[in-house]
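Grab your viewer and work through a few exercises on the model shown here. Try each task yourself before you read its solution.

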Amino acid sequence: MPPVTHAPPLQIAVSPTRVAVGRALRHGSFWVGGLIILVILLAAIFAPWLTPYDPSIQDLGQRFVAPVWAEDGSWAHPLGTDGLGRDYLTRLLFGARISLMIGFLTILISGTIGTAMGVAAGYWGGWVDLVVNFIITIRLTLPVVLVALVVVALIGSSLSLLVMVIGLLLWDRFAIVMRSATQQLASREYITSARTIGSSTTRILIREIMPNIMGPLIVVASIELAHAILLEAALSFLGLGVQPPNVSWGLMVAEAKSQLLFRPWMIAVPGAALVLLIFAINLVGDALRDVTTPEGKA
Amino acid sequence: MSETVLSMRGVTRDYAVGGAFRKKATLRALRGIDLSVDRGRTLGLVGESGCGKSTLARILLGIEDPTSGTVLVSGRPIQDYERLARARLIQPVFQDPYSSLNPRMSVEAIIGAPLKVRGEGTAASRRTRVHEMAGEVGLPRHLVEAYPSQLSGGQRQRVAIARALIGEPEILICDEPTSALDVSVQSQILNLLHRLKQELNLTMILISHNLAVVHHLADEVAVMYLGQIVERGDADAIFERPCHPYSDALLKAVLPPRAGARLPELGLEAEFPSPVNPPSGCAFHPRCPKADALCAEVDPNPAGIDPVFRCHHPNNFGAAAHPAQAAG
Amino acid sequence: MSMTAPILEVSGLKVEIPVRDTVLRPVRGIDISVAKGETVAIVGESGCGKSLTALAIMGLLPRQARLTSDRIDLNGESLSEASPRRWRKLRGDRIAMIFQDPMTALDPCYRIGDQMAEILKQHRKVSRSAARERSLELLRKVGIPSPEERLNQYPHQLSGGLRQRVMIAMALLCEPELIIADEPTTALDVTIQAQILRLLRDIQRETGIGLILITHDLGVVAGMADRIVVMYGGEVVEAGTCDEVLARPLHPYTEGLMRSIPVPGETRRGETLGFIPGVVPRQTGDLTRCGFLERCPYAHASCAEGSIALRDAGAGHLMRCVLPAAGSGRDPEAWTRHSEASS
């Protein structure tokens with residue numbers, strides 16, 4: 001009786017990254033949030049081509065033009081103009097540029113600082129951990145907005161300074177999460193194996209630890225992106241963030257304060273834009289959290 | 001001509017336990033270990049929780065240093081070897097196939113890592129070696145590009161073995177290599193280890209609480225209890241005529257899957273002692289059915305030739321004087 | 001084999017779990033019965049469905065799992081349509097479960113005494129002192145020294161073996177009729193394992209409790225079980241009295257298992273051990289052929305013609321295989337050839 005044989009199943013190498021990306025693409029929140037962010041991003045990048053106006057050139061003859069949905073509005077200024085005659089839609093688009101740019105740059109800085117500290121604390125433990133914890137604790141006692149205000153008031157608020165200040169203040173969550181993620185890994189046997197095959201510490205950190213903490217890192221980055229954007233908006237609202245002739249959504253809200261009762265759309269529009277962006281970032285962050293958490297279950 | 005590849009003399013390892021607010025105590029994980037392994041031989045280290053076998057493995061792998069004593073590999077102290085040289089000497093195979101492989105690296109990268117770390121050869125030559133090793137350990141070709149999450153427990157363990165052996169180490173340390181595997185897979189890995197042992201003349205230290213596994217692969221056996229080696233000698237001898245009451249109990253505790261088997265009465269009293277507070281005299285005396293006043297006072301010194309044992313009232317004392325008969 | 005009515009009668013137990021684009025069938029129609037004082041071992045390797053079977057009998061399946069059965073009777077009472085409320089009353093009271101890992105099965109935040117008292121309060125109306133008395137009585141019964149101290153301790157203060165004894169004590173609190181033990185000694189040291197198993201067996205002899213022992217360790221089965229049920233791929237592939245199945249394994253899977261276990265004193269050192277090539281297949285869809293086909297050394301054409309039924313090979317020894325029951329007729333070289341072909 002001939003034995004029944006079967007061919008081994010064809011196997012395609014499926015890296016964990018592929019699995020995660022696949023899962024993300026199937027996640028509803030990821031699509032909705034991602035699309036919104038993409039639209040805002042594209043609008044910000046292509047702002048100069050999307051509008052004929054310049055965001056900072058004043059046209060005092062065109063002050064407080066109504067938006068297109070009001071009785072005397074027109075498509076020449078779909079969102080109307082502000083108190084200095086500047087087209088509002090243009091300011092919104094250019095404001096998106098600043099908000100997004102500041103957001104991404106600051107999390108680049110804070111992410112690098114926080115991850116470096118967190119991984120060091122998690123990997124070496126001992127006094128390194130003590131020192132890092134101490135620094136984190138001190139940072140947590142600082143009221144971020146007040147410190148930012150003070151620094152900016154003292155030193156001035158160029159864009160690059162603003163990015164530096166926010167970047168140097170928002171690294172704590174990165175450090176805390178990366179520390180615990182690294183601690184969980186440090187006792188895994190593949191880390192021990194890497195040591196026994198003679199890998200240098202650098203190699204272990206880059207090849208073994210970093211790829212495996214990418215999940216939590218991306219999730220924290222999305223949370224902190226929202227945080228950074230809101231912080232900038234708050235600072236600009238208080239007059240100590242982005243300064244004219246630059247435009248940011250926070251600044252737009254500040255400038256429209258006096259118009260709250262007469263022309264409420266002037267606050268509502270940049271406010272809504274902020275809400276929409278933060279909402280989209282949170283959606284994507286949620287989706288990423290779901291995708292990266294159930295590990296090990298193929 | 002047998003060459004001593006590994007030799008440990010008087011190795012101890014203490015840990016300080018107790019935090020800032022509790023009285024500091026010393027956990028003595030290893031209390032004077034004397035061991036040697038010759039080339040091509042397999043030493044089985046047997047013991048239960050708290051006996052110190054994992055600590056011993058970590059010391060041999062260079063993850064920890066002994067508190068005192070010497071560890072010589074090929075005649076030189078182990079601390080003299082720097083990181084990469086040590087990696088060439090001793091390689092591990094760990095227990096848990098699910099955490100011993102980096103989930104983000106392909107199988108090929110994992111197996112080839114020891115060569116890459118040393119900067120040996122070109123990418124192409126390394127690739128060839130990886131495929132050779134994969135074949136040696138019976139890993140299907142198409143799995144070499146896969147990721148660990150796509151492999152079964154047995155396949156992962158093969159990857160771990162391939163990674164350990166690709167650099168041609170002197171000594172292979174297997175720490176419970178089959179404990180996390182199903183029975184039908186365990187036998188495959190045991191067969192593999194046995195074949196590799198013979199083909200490559202491997203020197204192996206096999207740590208396991210499963211006596212059947214140790215019996216299958218080991219030439220010599222050392223039984224550990226609370227940081228000491230209580231009996232050491234030829235595997236056949238110890239399995240047939242254990243001298244130390246603890247070895248005896250361990251052997252009786254192995255449950256054979258045979259019709260009519262009975263649950264053994266081990267005659268052991270009390271619970272495991274804590275390594276922080278070891279009993280006086282012989283560490284085993286609170287549980288030993290033969291213990292008397294002497295045992296409670298005096299820690300027995302190693303006696304006998306083969307096996308060497310630490311007991312005031314060993315079983316089979318007469319047999320220890322004669323070399324073991326080879327088992328059928 | 002007593003002729004008294006069984007404590008537990010399960011037939012046709014099926015568990016289905018819908019996943020993304022298909023339905024997993026990890027348990028495909030299991031029959032089990034346990035008589036008073038009897039130990040039935042469910043044996044199998046990972047993925048065979050034994051743990052899910054236990055959870056199903058306890059009413060503890062995850063939410064997304066669907067359970068169907070022809071019958072689940074506990075002492076005559078039908079449980080197949082039982083409400084969650086009924087299950088909550090039964091669990092801990094009439095059916096108790098002992099889990100594998102004593103470290104995680106006890107709540108680390110509460111003292112032992114409090115955890116035991118909570119069980120009693122849920123199922124019996126007892127005063128605090130009565131609960132304490134009963135707890136002490138049971139801690140003594142399971143051989144825990146200085147039980148009064150232990151009542152006040154937290155789980156982390158006890159060793160693994162002691163924690164397992166506490167779990168057994170907790171299982172006995174309300175005098176259940178049936179205990180389901182899922183790998184109760186796998187996480188314990190060998191010398192402790194022997195003690196715990198003896199304890200379980202002694203208690204069982206004394207109280208007549210039925211015991212379902214779930215394990216992958218055939219050695220444990222040999223020492224403890226009256227009857228064995230071997231599971232593979234969600235099905236029962238062999239069942240019978242313990243001595244009979246171990247002495248004359250009929251199903252090729254059981255045969256393969258027995259051949260792969262080294263036994264000091266029987267297998268020669270270094271002798272090539274038998275093994276079962278291949279891996280457990282994913283269980284979806286209905287089986288229209290033998291589930292063990294790909295890995296079986298005796299496979300032939302009739303194994304693929306429709307699902308294989310469980311049949312009696314004599315004296316209550318059941319097997320799910322088309323091969324003749326008597327050992328003769330099987331090629332003794334089949335396993336060796338099969339192993340070599342797969343290497």
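Below are five exercises, each with a worked solution.

This is a predicted model, so local features need pLDDT of at least 70 and side-chain atom pairs count only at pLDDT 80 or more, while totals for chains, interfaces and linings use all residues. Residues are numbered from 1 along each chain as its sequence is written, and chains are lettered from A and ligands numbered from 1 in the order in which they are written.

**Exercise 1. Find where confidence in chain B is lowest and where it is highest.**

Step 1: start with pLDDT, the predictor's confidence in each residue, from 0 to 100. Chain B has a mean of 87, with 94% of its residues at 70 or more.
Step 2: go to the extremes. Helix α11 (residues 317-320) of chain B is lowest, at a mean of 48, and strand β3 (residues 42-46) of chain B is highest, at 95. Helices (H or I, at least four residues) and strands (E, at least two) are DSSP runs, numbered from the N terminus.
Step 3: look at residues 318-328 of chain B, where the pLDDT is below 50; this stretch has 12 contacts in the model beyond near neighbours in sequence. A contact means C-beta atoms, placed from the backbone, within 7 Å. Where pLDDT is low, don't read the predicted coordinates in detail.

**Exercise 2. Work out the strand order of the open sheet in chain B.**

Step 1: walk across the 7 strands, and you get β6-β7-β8-β3-β9-β10-β11, with mixed pairing. Strands pair if DSSP finds at least two bridges between them.
Step 2: check the edges. β6 (90-93) and β11 (308-309) of chain B each have a single partner strand, so one side of each is left without a neighbour in the sheet.
Step 3: zoom in on β8(B). It runs parallel to β7 (residues 171-175) of chain B over 5 bridges, and 5 bridges also join it, again in parallel, to β3(B).
Step 4: pick out the partners. B:Ile205 stands opposite B:Ile173 and also opposite B:Leu43, while B:Thr203 is the bridge partner of B:Ile171.

**Exercise 3. Is β8(B) mostly covered or mostly open?**

Step 1: count buried residues (20 or more other C-beta atoms within 10 Å of their own; exposed is 12 or fewer, partly exposed in between, with C-beta atoms placed from the backbone). The tally is 6 of 6, so β8(B) is mostly covered.
Step 2: split them by direction. B:Thr203, B:Ile205 and B:Ile207 point one way, B:Met204, B:Leu206 and B:Ser208 the other, and all are buried.

**Exercise 4. Which element gives the most to the side of chain C that touches chain B?**

Step 1: size up the contact: 41 residues from chain C and 38 from chain B.
Step 2: the winner is α8(C), with 7 residues.
Step 3: sort the chain C side by type, and you find 20 nonpolar, 15 polar and 6 charged residues. Here Ala, Val, Leu, Ile, Met, Phe, Trp, Tyr, Cys and Pro count as nonpolar, Asp, Glu, Lys and Arg as charged, and the others, Gly among them, as polar.

**Exercise 5. Why does the largest nonpolar core lie between two domains of chain C?**

Step 1: a nonpolar core is a set of buried Ala, Val, Leu, Ile, Met, Phe, Trp, Tyr and Cys residues joined through C-beta atoms within 7 Å. The largest has 201 residues, and B:Ala162 and C:Val229 are among those with the most contacts inside it.
Step 2: α7(C) supplies the largest share, 8 residues.
Step 3: domain 1 (108-169) and domain 2 (249-342) of chain C both give residues to this core, so it lies between them. Those bounds come from an automatic or database domain assignment.

Definitions and conventions: Two residues are in contact if their C-beta atoms, placed from the backbone, lie within 7 Å.
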